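Reader: I have a fold on my screen and I want to learn how to read it. Can we start with a single residue and work outwards?

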Amino acid sequence: MKAIILENSNDSLTCTLGTTSLPPLGDGEVAVDIHYSTLNYKDALAITGAAPVVRRFPMVPGIDLSGIVSASRHPDFAVGDRVVHNGFGVGEKHWGGLAERAHLKGEWLVPLPDGISLRQAMAIGTAGYTAMLCVMALEENGVAPEQGEIVVTGATGGVGSVAVHLLAQRGFEVAAVTGRVEEAEYLRRLGAKAIVERTELTGKIRPLGNERWAGGVDVVGGTVLANLLSMTRYGGTVAACGLAGGMDLPTSVAPFILRGVTLAGVDSVMCPQPRRRRAWQNLARELDQALLESMIREVPLEEVIETAPAFLDGAVRGRILVPIC
Ligand code: NDP
């Protein structure tokens, strides 16, 4: 099969488009003919070697895939089923989605809900599914539209774009934080009511700032998240899922103990199946497919390697879809 292949010899990483073959299908595994994959921030880290996300070599990267079951040794899946896969260490520890086929544990797979095509599933991808997990975390912590404006950081990126749209669909007034104000029109089309320059959240961090937002979705981490916490209103919640701006969190306990702010951590990789499937059902119901289409750029497998560094430069807008067959 055709695949992107990562190899590491003597601590030197190479990434090429080549051909390889899968090992025989194991017990409890499902063979999937991949129709679409995507590029996410984590794939860019793997392909460029910018962070050690890949744990075994050779590796086929790609944390996401959608496709059709071609063989199954798992009782819940049969030939012809439409499936979507995100996370569970695929593309890091197990061969992933930037290839024509994959062998995956049946317990990892999600049957694709009616109303979502294989293409749309990957237009959503891990980024969109994580955006939904963030929205669910806000809702579960009692954040509601009548409490006031909600903020999304890294708004033009994959998680951010989908989060802006989903929150607007649920009736929230959304403030989109971006380093690219020239993309304001794009963000307004997704449903943002206000555009906030990222520099407003990169200044000196005060233990408590003016109470500005009822809650937020943060993909950036670092100073931006620290400022966001200090500007969250009494009782608000910030769902944190990313580190595009840094791994650290230079904050104090003040927002938590003086304003009752909640920091809700969101992980998509090991998210249990019932919650994962609920997120996908919500996405099938709530996403405006025309708007989703406007977030996509298609990149063929042949151009994946040269496209990946754009994520690390913060230069990707919306979602990157990789058609496979
Ligand atoms: P993208 O690259 O598509 O989006 C990230 C956005 O963050 C950029 O578009 C940019 O938006 C902003 N940004 C980039 N660099 C910086 C910087 N140095 N400082 C501040 N803002 C910056 O990535 P994804 O949306 O795919 O992923 C976003 C983050 O979420 C990543 O860290 C990723 O690893 C993480 N993630 C975590 C998941 C989980 O399970 N917890 C799942 C999926 C993603 P703008 O120009 O608009 O400011």
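Author: Yes. This is a predicted model. Start with V151, which counts as buried because 29 C-beta neighbours lie inside 10 Å. The cut-off for buried is 20 or more.

Reader: Where does V151 sit in the chain's architecture?

Author: V151 belongs to strand β8.

Reader: Which residues does V151 touch, leaving aside those up to four places away in sequence?

Author: A175, V177, W213, G216 and L228. Look at the sequence gaps as well. V151 and T232 are 81 residues apart along the chain, yet 9.4 Å separates their C-alpha atoms.

Reader: Is there a second residue to practise on?

Author: Take V217, in strand β11. V217 has 35 C-beta neighbours inside 10 Å, so V217 counts as buried. Beyond residues up to four places away, V217 touches C134, V152, A163 and A239. The C-alpha atoms of V217 and L228 are 9.6 Å apart, with their positions 11 residues apart along the chain.

Reader: Now the strands. What is the order of the strands in the open sheet?

Author: Read across the sheet, not along the chain. The order is β10-β9-β8-β11-β12-β13, 6 strands with parallel pairing. Strands β10 (192-197) and β13 (262-265) are the edges, each pairing on one side only. On average, neighbouring strands are turned by 20° against each other, direction ignored.

Reader: How many bridges join β9 to β10?

Author: There are 5, and the two strands run parallel. Strand β9 covers residues 174-178. For one pair to find on screen, V177 has V196 of β10 as its bridge partner. V177 is also one of the residues that V151 touches.

Reader: Which helices should I look for against this sheet?

Author: Two. Helix α2 (residues 118-140) packs on the sheet and touches β11 (213-218), β12 (232-240) and β13. The direction of α2 makes about 150° with that of β12. Helix α3 (residues 158-169) lies across β8 (150-152), β9, β10 and β11. The angle between α3 and β8 is about 160°.

Reader: How do β1 and β2 pair, parallel or antiparallel?

Author: Antiparallel. Strands β1 (residues 2-9) and β2 (residues 12-19) share 8 bridges. K2 has T19 of β2 as its bridge partner. The hairpin has 2 residues between the strands, and N10 takes a positive phi near 50°.

Reader: Now step back. What are the domains of the chain?

Author: Domain 1 is 2-112 + 295-323, and domain 2 is 126-265. Their centres, taken over C-alpha atoms, are 29 Å apart. The contact takes 12 residues from domain 1 and 11 from domain 2. On the domain 1 side, 4 are nonpolar, 5 polar and 3 charged.

Reader: And the ligand? Which residues come nearest?

Author: G154, G157, G242, G245 and G314 come nearest, out of 32 residues around the ligand. By class, the shell divides into 14 nonpolar, 14 polar and 4 charged residues.

Reader: Which helices supply at least two residues each to that shell?

Author: α1 (41-48), α2 and α3. So far we have met α2 and α3 against the sheet.

Reader: Which domains supply the shell?

Author: Domain 1 and domain 2, with at least three residues drawn from each.

How values were computed
Residues are numbered from 1 along each chain as its sequence is written. This is a predicted model: local features need pLDDT of at least 70, side-chain atom pairs count only at pLDDT 80 or more; totals for chains, interfaces and linings use all residues. Two strands pair if DSSP finds at least two bridges between them. Helices (H or I, at least four residues) and strands (E, at least two) are DSSP runs, numbered from the N terminus. Axes are lines fitted to C-alpha atoms, for helices over the stretch in contact, and angles run from 0 to 180 degrees between N-to-C directions. Two residues are in contact if their C-beta atoms, placed from the backbone, lie within 7 Å. Domain bounds come from an automatic or database domain assignment. Ala, Val, Leu, Ile, Met, Phe, Trp, Tyr, Cys and Pro count as nonpolar, Asp, Glu, Lys and Arg as charged, and the others, Gly among them, as polar. A residue is buried if 20 or more other C-beta atoms lie within 10 Å of its own, exposed if 12 or fewer, and partly exposed in between; C-beta atoms are placed from the backbone. A residue is near a molecule or strand if its C-beta atom, placed from the backbone, lies within 6 Å of it.
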